[in-house]
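Colleague: I am new to this structure, and I would like to understand how the words used for it are justified. Could we go through them one at a time?

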Amino acid sequence: MKSVKKIFFVFCMVLISVMYFNVNAASVPYNWIVGGETVNESNSSKTATLTKNGNEVLLKLSNYKGGELKLNCYGIGQDGITFIIDLDGDNVINADSVGIDFNYNGKIKFNGNGKLTINAKTPISYESYKDKMIIEPSKNIYTDKEETTESDNKLISGKDDKLIQTNCKEALVETKCKETKDNSCIIYIILGSCLLVSLIVNVILATKLCKKKEVI
């Protein structure tokens, strides 16, 4: 009887151990630290939500504006995990050092209709970009350059057009002024020449009259 109890006890312990290890193996030991706060499935916020589905760990950012994101492993690391960041609305990360610290073999998959701007010395730990990154999956944007929109181009073009028009007007006024000055100079030269000729003629006539008087 005692041997049967021992066998049953051992069997129960083995079964409990197997169940325990299976449960821990099924649970992916990763979460995110968002702006200094640990985000799990049980303590998500309005701007950061964490869900796990098999080997996928999905962090959804919804109009998040705050500090760095850091991947956190709270157990034994596992291979073959897919990390997704889903973007909704306009999200901004401001950090002094690293914007997204991703200590894992692989890269993050970004999706969603939102936008993420990262202002940090190193925007993402596994990328070579510096100081700034802009990620917008729906537009296939993954860059460190500011996006130039059509409205910006029109604005710049409008400014350039106004500048060109202003320069043209100034040049036209300058040309007209120059032409006016040149015409005035020509008139003054003609008048001066006429006065000089008139003076010479008067001197000659006066000289002739004096000679005639002397002869008489």
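Colleague: What makes glutamate 127 count as buried or exposed?

Modeller: Please keep in mind that this is a predicted model. Glutamate 127 has a relative accessible area of 16%, and since buried means under 20%, glutamate 127 is called buried.

Colleague: How do you know whether lysine 107 is buried or exposed?

Modeller: The relative accessible area of lysine 107 is 56%, and because the word exposed applies over 50%, lysine 107 is classed as exposed.

Colleague: Why is the contact of glutamate 127 with lysine 107 called a salt bridge?

Modeller: The closest N and O atoms of glutamate 127 and lysine 107 are 3.8 Å apart, and the rule asks for a side-chain nitrogen of Lys or Arg within 4 Å of a carboxyl oxygen of Asp or Glu, so the pair qualifies as a salt bridge. Glutamate 127 sits in the loop between strand S12 (122-124) and S13, whereas lysine 107 sits in the loop between strand S9 (98-101) and strand S10 (109-112), so the salt bridge ties together parts that are 20 residues apart in sequence.

Colleague: How many salt bridges does this rule give, and what makes lysine 139 and glutamate 136 one of them?

Modeller: The count comes to 2 salt bridges. Lysine 139 and glutamate 136 are joined by their side chains at 3.6 Å, N to O, and because the cut-off is within 4 Å, this pair is a salt bridge as well. Lysine 139 is exposed at a relative accessible area of 52%, while glutamate 136 is buried at 9%.

Colleague: What makes isoleucine 141 buried or exposed, and where does this residue lie?

Modeller: Isoleucine 141 belongs to strand S14 (residues 141-143), and its relative accessibility is 16%; as buried means under 20%, isoleucine 141 counts as buried.

Colleague: Which residues touch the most other members of the largest nonpolar core?

Modeller: Within that core of 30 residues, Trp32, Leu59, Leu69, Ile85 and Ile100 touch the most other members. Among the elements that give two or more residues to this core are strand S1 (30-34), strand S4 (56-62) and strand S7 (82-88).

Colleague: Which residues is isoleucine 85 in contact with, leaving aside its neighbours within four places in sequence?

Modeller: The contacts of isoleucine 85, with those neighbours left aside, include Trp32, Leu59, Leu69 and Ile100, and also Lys109 and Asn111. In soluble globular proteins, nonpolar side chains tend to be buried together.

Terms used:
Residues numbered from 1 in each chain as written. Predicted model: local features only at pLDDT ≥ 70, side-chain atom pairs only at ≥ 80, totals over all residues. Heavy atoms only, no water. Core = buried A, V, L, I, M, F, W, Y, C linked by side-chain atoms within 4.5 Å. Buried < 20%, exposed > 50% of the residue type's maximum accessible area, 1.4 Å probe, protein only. Helix = DSSP H or I, 4+ residues; strand = E, 2+ residues; numbered from the N terminus. Contact = heavy atoms within 4.5 Å.
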